[in-house]
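Subject: Structure handover

Hello,

Here is the structure we talked about. Please open it alongside this email and follow the residues as you read.

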Amino acid sequence: MVVSMSTFAISQGLTAPEAITDPKQITAKPDADVEQGEESLSLERLYMTRQVGDTAWSPDGKTIVFVSNITGRNNLWVVAADGGWPTQLTVSDQRQSNPAWSPDGKWIAYQSDYDGDEQWDIFFVSPKTGQVVNVTKTREIAEENPTWSPTGRYLGYTVKPKTSSSPELDVFDTVLREVKHVTSGTPADKLNSNPIWSKDGKFIVYTQEEAKGTNSSIFIAEVATGKSTLLTPHEGEQLYSANDFSPDGKTLLLTSDSGNGVENVGLLDVATKKIKWLTEGKWEVHGGHFSPSGKAVTWRANVDGNTDIYVHDLVPGKTTKLPLPKGVNSFGGAESAFTRDGSRLLYYYNGADAPNDAWVYNLASGKSKQVTHSLMAGVPAQHFVDPFLVRYPSRDGKWTISAFLYVPRNMQRNGQNAAIVYIHGGPTSQTVNSFNRFIQHIVNQGYMVIAPNYRGSTGYGKAFQQANLFDMGGGDLQDVIAATDFLKATGYPDPKKLIAMGGSYGGYMTMMAVTKAPDIWAAGVPIVPFVNWFTEMEHEDPVLQQSDRATMGDPEKNPELFRDRSPIFFVDQIKAPLLLLAGGHDPRCPKEETIQVADAIKKRGGVADYKIYENEGHGFAKVENQIDAYRRVTDFLKARVPPADCGCKLTE
C-alpha cells in the first residue's frame, strides 16, 4: 500500500464559486449596442479567429513553437517569446500537434495524422530551414506524444498498432536510427501514456490506466533494460498519474484521488513509495511541473469549471495563486511550462470572451505577456456573453448538477424564446468556462444555451464521475433532461422550442434524448454520434472497445440493457427533426452510425438530414468544414425552431 503522509498537507483555500439555484434570478443583460444576428459575430468571422493549440519552449527560452490554424489547417508556427509576428514553420493539409523542441535546438518533433484517422506518425522539422522528416512512416501504427531525452539523442513516444488496444512505449535513437521497446506485452485492458524522462536520461516514468478509467498506476522503467517497477501499489480502484520528475530524480510530482476521493497533488518518494500530499481539497487539482531548481512545483485547480494556476515553494511551504483572469488557465510547454532558467512560465488563457491564447508569466515581476493573438479585428469581444454558473437538483435527488447558462443580450422574459441543451462528450469530460465559437454565434442569433455537467463528468470527484458506470444513457440522460426544467422555470423559453445538441457521447445523448423523451424536443443536432451499442463496439477503435466493455459491460451477456440504450431501436419514437454530422475517417464513432440512423428515420417518414465530411475524423479540424458544418446547424435551427425577435434590430 502507498503510505500517505497527510500531516504535511497544505490548505488549498479553494471555495466554491457563487452559483444561481433559483431560475428566476437569471436575467438577460440589456445592451443597446448589441444587435441580434449581427454580422460581426457571424460564423465566418468567429471561425476565422485563430485556434491556438500545443506549445513548446526553445532551449534558450527566446522562441515558442505553437500549433495554430491561421491558414485553416493546424500547422506549426514560431513566435518570439516576447511577442511579435509569428512565422509559419510547417505547411501541410493535415493536422499537427504535440510539438517538442530538442535540447540542442536543431529539431522540433511533432505528430500528424491523415484526414483525422488518428493513425499518427512522428515527424521532425528543422526550425531553421523548415526541412521535414517523417521519422516513423507507419500507416498502420499510431505513434504519439514525442518526448525528448535530456541529451536529445533519444525520443520517447507511445505506440499503438491499429488493431491493438494497448499503447506501448518506444524509444528512438536518433543517432543509430534504431527503436527500442521500453514496454511490451501490456494486457489488452490497459494502456500506457505520458512518458516522462528522468533528468539523467536513465529512466522513464509513465502512467498505466485500466480501460474502465477508474484505476491507474505509475511505473518507472529503466531504459537500458526495459524493466518496469510499480511505484504506486494499492488496493481497490484509485487513480494515480505522474506529472514530473524532480531534478535529482528522487521525487515525482503526481496527481491522485487516493487521498480523499478527489484528485489532488502530492510528492512521491521514488525510493520509499511514500506520498506527501500538497493539497487535500474537494475540488480537483492537477499537478504541473517542478521548477528547474527543484525548489518549487506548480499545479492547477479546477473549481466548478474555472481553473487557476498555483506556484508552491517547497521549503517555506508557501503557495501563490497567479493573478490571472477568470476562465480556464492551464500549462503550456512540452516537457515543462518553465523556461530552463526558471524565470518564466508558459500558460494558456481561455475565457468566455477570449479564445485560447499562449501567455508568458514572469515570476520575478508577477506580470504576464500575451504572445499569440487569436481574436480577429472586427469581432467585438464586449458583445460576447458571459455564462451564468447555475446548479439544479438531479431528478432522482442524488446529485447537484452544475451547468453554464448563456442568455442573449436583450432577451425578453416572455416564454417565446428558443433554447438549446448543449451536451458535452466524453462522458468523462467537463463543460468549462471557455470560449466556444458556435455558442457565441448561436446566442447572438437569439438562442439560450445551457451546458450541463451531468453525472459521469469530470471535475466533481470520484463518486460523481463513476455515477453513470454501466448506466450510460440512464441517469446521465435524466440529468440532461432536468436542464430543461431549469430552463423553463426561468420564464424565457417556449417549452415547445427546446433543442438537444451535442458531439461524440453528447451526440449519443442527443439521440437518446429524442428517442426516450420525444415530447420535449423541437429539434435535435447529433454531431459525430453513435446510435447502436452493438455496431459501435464492433467497429470502433480497439482502445474504445476495451473502454466500453469496462464501463458498460458485455453486450452478449446483457443484450437487453444494450438494446434499451441504443437509440437505433427506438427511432419510431422520434418526433423532432434531426440534423446529423459525421467524419468519414472517424475511428471513434464511425460514419456508419450516422448513416444507419438517418436511413432508419427516413424509412419511417421522419426528418433526418445528414452530412458526412469525408476528409475529417472525430470532429472537424479544417476551417472550411467547421464553417460549413455550423452554418448547416444554424440554418437548420432557424428553419425548424426559429428564435424570437428580441426587438434589438438596428433601424435605419
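Below are the findings, element by element.

This is a predicted model: local features need pLDDT of at least 70, side-chain atom pairs count only at pLDDT 80 or more, and totals for chains, interfaces and linings use all residues. Residues are numbered from 1 along each chain as its sequence is written, and side-chain values use heavy atoms, with hydrogens and water left out.

**Strand β36 and its neighbours**

Helices (H or I, at least four residues) and strands (E, at least two) are DSSP runs, numbered from the N terminus. Buried means under 20% relative accessible area, exposed means over 50%, and partly exposed lies in between (1.4 Å probe, protein chains only).

Start with β36, residues 578–583. Six of its six residues are buried, so β36 is largely enclosed by the rest of the structure. Both faces are covered. L578, L580 and A582 lie on one side, and L579, L581 and G583 on the other.

Two strands pair if DSSP finds at least two bridges between them. β36 runs parallel to strand β35 (residues 523–527), with two bridges. There, I527 has L581 as its bridge partner. β36 also runs parallel to β37, with six bridges. L581 has K611 as its bridge partner in β37.

**Helix α9**

Helix α9 covers residues 591–603, 13 in number. The expected span of a helix is 1.5 Å times one less than its number of residues. For α9 that gives 18 Å, and its end C-alpha atoms are 18 Å apart, which agrees.

Which residues of α9 are buried? They are E593, T594, V597, A598, A600 and I601. Seen down the axis of α9, they fall within an arc of 160°, so they line one face of the helix. The arc is that of the directions from the helix axis to the C-beta atoms. An α-helix has 3.6 residues a turn, so residues three or four places apart point the same way.

The buried residues of α9 pack against α5 (505–516), α6 (533–539), β36 and β37 (608–613). Contact here means heavy atoms within 4.5 Å. After α9 comes G605, with a positive phi near 85°.

**Helix α5**

α5 has 12 residues. From first C-alpha to last, α5 reaches 16 Å, close to the 16 Å expected. Of its 12 residues, 11 are buried, so α5 is largely enclosed by the rest of the structure. Among them are Y505, G506, G507, Y508 and M509.

**Nonpolar cores**

A nonpolar core is a set of buried Ala, Val, Leu, Ile, Met, Phe, Trp, Tyr and Cys residues joined through side-chain atoms within 4.5 Å. The largest has 71 residues. L405, I450 and W521 have the most contacts inside this core. L405 touches residues including I26, P387, F388, M448 and F486, not counting residues up to four places away in sequence. Apart from this core lies another, of 35 residues. I527, L581, F620 and V623 are among its members.

**Aromatic pairs**

Rings of Phe, Tyr and Trp (its six-membered ring) pair if their centres lie within 6.5 Å; planes under 30 degrees apart count as stacked, over 60 as edge-to-face and the rest as tilted. The whole structure holds 24 aromatic pairs.

W283 and Y460 make an edge-to-face pair, 6.4 Å centre to centre and 65° between the planes. They are 177 residues apart, so to speak of distant parts of the chain is apt. W283 sits in the loop between β21 (274–277) and β22 (284–290), and Y460 in the loop between β33 (447–453) and α3 (462–465). W283 is buried, with a relative accessible area of 8%.

The rings of F438 and Y630 have their centres 5.1 Å apart and their planes at 35°, so this pair is tilted. F438 is in helix α2 (residues 437–444) and Y630 in helix α10 (residues 623–640), 192 residues apart. Both F438 and Y630 are buried.

Ring pairs also link a cluster: Y454, Y505, Y508, F530, W533, F534, F562 and F569.

**The β18–β19 hairpin**

Strand β18 covers residues 240–245, and five of its six residues are buried, so β18 is largely enclosed by the rest of the structure. β18 pairs with strand β19 (residues 251–256) in the antiparallel sense, over five bridges. A242 has L254 as its bridge partner in β19. Five residues lie between the two strands, and G249 in this hairpin takes a positive phi near 75°.

Best wishes
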